[in-house]
Amino acid sequence: MKKSTSEKKGLRLLPHFPTVVVGTGRGDNTNLITVALVHVFSFEPPYIGIGIAPSRYSFSLLRDNPEFTINVPSSEDMAAVIGCGSVSGKSVDKFSEFDLTPQESTKISTRGIQEFPITLECRVEKDVSVGDHVWFIGKVVSASVLRTGVDRSDLVLYWAGEFRRPGEILKKRK
Ligand SMILES: Cc1cc2nc3c(=O)[nH]c(=O)nc-3n(C[C@H](O)[C@H](O)[C@H](O)COP(=O)(O)O)c2cc1C
């Protein structure tokens with residue numbers, strides 16, 4: 001179960017170099033895609049961008065319905081992260097394929113993933129084509145986190161093809 005939090009707090013819970021699973025499409029037809037090209041563009045107001053290659057099925061879904069959910073995995077969710085990045089939603093329902101439960105969003109029609117600890121609901125306001133990806137920049141309109149809280153040390157970082165847990169804290173900013 002998750003409880004509502006402020007969009008700003010939800011956005012700040014994202015680890016650096018995260019890999020997320022993005023929901024696109026509408027309602028029961030929500031598809032999932034693993035995305036490493038994810039970046040915070042603004043904290044106030046909160047904007048986040050995802051880079052999607054035009055060849056992805058998710059790309060056509062985003063063009064059709066400019067909304068998406070960002071679902072941030074924990075270390076327990078690695079099979080789903082790799083799975084959603086290996087097959088196309090054109091032929092597979094990734095929720096049932098990878099044992100994930102769709103979570104109704106509060107402000108958009110696209111579903112989130114119940115099992116993942118953080119979900120951000122976003123509405124696309126801008127898209128920018130850069131090389132081989134198009135960046136869809138969305139305003140975060142709602143955020144939810146696990147009712148029990150998020151253990152930051154259990155979120156997943158992705159760097160140079162390796163999935164990692166965040167390590168030692170070197171220093172705290174004053
Ligand atoms: C770790 C990882 C990161 C990925 N990052 C991206 C990305 O940032 N952008 C993108 O378009 N595809 C990315 N992919 C590839 C897509 O997830 C993959 O092609 C997926 O099967 C497309 O699904 P779809 O056809 O249902 O949209 C990534 C895959 C993995 C495994």
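**Group meeting: a predicted protein model with a bound ligand**

Good morning. Let me begin at the N terminus: M1 is exposed, with 7 other C-beta atoms within 10 Å. M1 belongs to the segment that comes before β1, residues 2-5. Its C-alpha atom is separated by 22 Å from that of E97, a residue 96 positions away along the chain. Please bear in mind throughout that this is a predicted model.

I turn now to the overall architecture. The protein contains four helices and twelve strands. Its radius of gyration is 15 Å, close to the 16 Å that the globule rule gives for 174 residues, so the protein is as compact as a globular protein of that length. The C-alpha trace spans about 45 × 35 × 35 Å along the principal axes. Of the 174 residues, 36% are buried. Among contacts with a separation of 6 or more, 67% are between residues 24 or more positions apart.

Next, the ligand. How many residues surround the ligand? There are 20, and the closest are L37, S58, G85, S88 and G89. By class, this shell consists of ten nonpolar, nine polar and one charged residues. Three elements, β3 (31-35), β5 (47-52) and α2 (57-64), each supply at least two residues of the shell. The largest share comes from β3, which provides four residues.

Helix α2 deserves a closer look. Its buried residues are S58, L61 and L62. Viewed down the helix axis, these buried residues fall within an arc of 100 degrees, so they line one face of α2. They pack against six strands: β2 (20-24), β3, β5, β6 (67-72), β9 (118-130) and β10 (133-146). S58 therefore appears twice in this account, as one of the closest residues to the ligand and as a buried residue of α2.

Strand β5 also leads us to its partner. Strand β4, residues 38-42, pairs with β5 in the antiparallel sense over four bridges. Within that pairing, V40 has I48 of β5 as its bridge partner. A hairpin of four residues joins β4 to β5. P45 has its place in the loop between these two strands, and the peptide bond joining E44 and P45 is cis, with omega about 0 degrees.

A second backbone feature concerns D99. Most residues other than glycine have a negative phi, and most peptide bonds are trans. D99 is not a glycine, yet its phi is positive, at about 55 degrees. This residue lies in the loop between α4 (94-97) and β7. Is D99 buried or exposed? With 10 C-beta neighbours inside 10 Å, D99 counts as exposed.

My last residue is K107, located in the loop between β7 (102-103) and β8 (112-113). K107 is exposed, with 12 other C-beta atoms within 10 Å; a residue counts as exposed at 12 or fewer. Which residues does K107 contact, leaving aside its neighbours within four places in sequence? They are E121, V141 and S142. By contrast with those contacts, the C-alpha atom of K107 is separated by 14 Å from that of I70, 37 residues apart along the chain.

To close, I would recall two points. β3 gives the largest share of the shell around the ligand, and the buried residues of α2 pack against strands that include β3 and β5. Thank you for your attention.

Notes:
Residues are numbered from 1 along each chain as its sequence is written. This is a predicted model: local features need pLDDT of at least 70, side-chain atom pairs count only at pLDDT 80 or more; totals for chains, interfaces and linings use all residues. A residue is near a molecule or strand if its C-beta atom, placed from the backbone, lies within 6 Å of it. Ala, Val, Leu, Ile, Met, Phe, Trp, Tyr, Cys and Pro count as nonpolar, Asp, Glu, Lys and Arg as charged, and the others, Gly among them, as polar. A residue is buried if 20 or more other C-beta atoms lie within 10 Å of its own, exposed if 12 or fewer, and partly exposed in between; C-beta atoms are placed from the backbone. The arc is that of the directions from the helix axis to the C-beta atoms. Two residues are in contact if their C-beta atoms, placed from the backbone, lie within 7 Å. The radius of gyration is taken over C-alpha atoms; the globule rule is 2.2 Å times the number of residues to the power 0.38. Two strands pair if DSSP finds at least two bridges between them.
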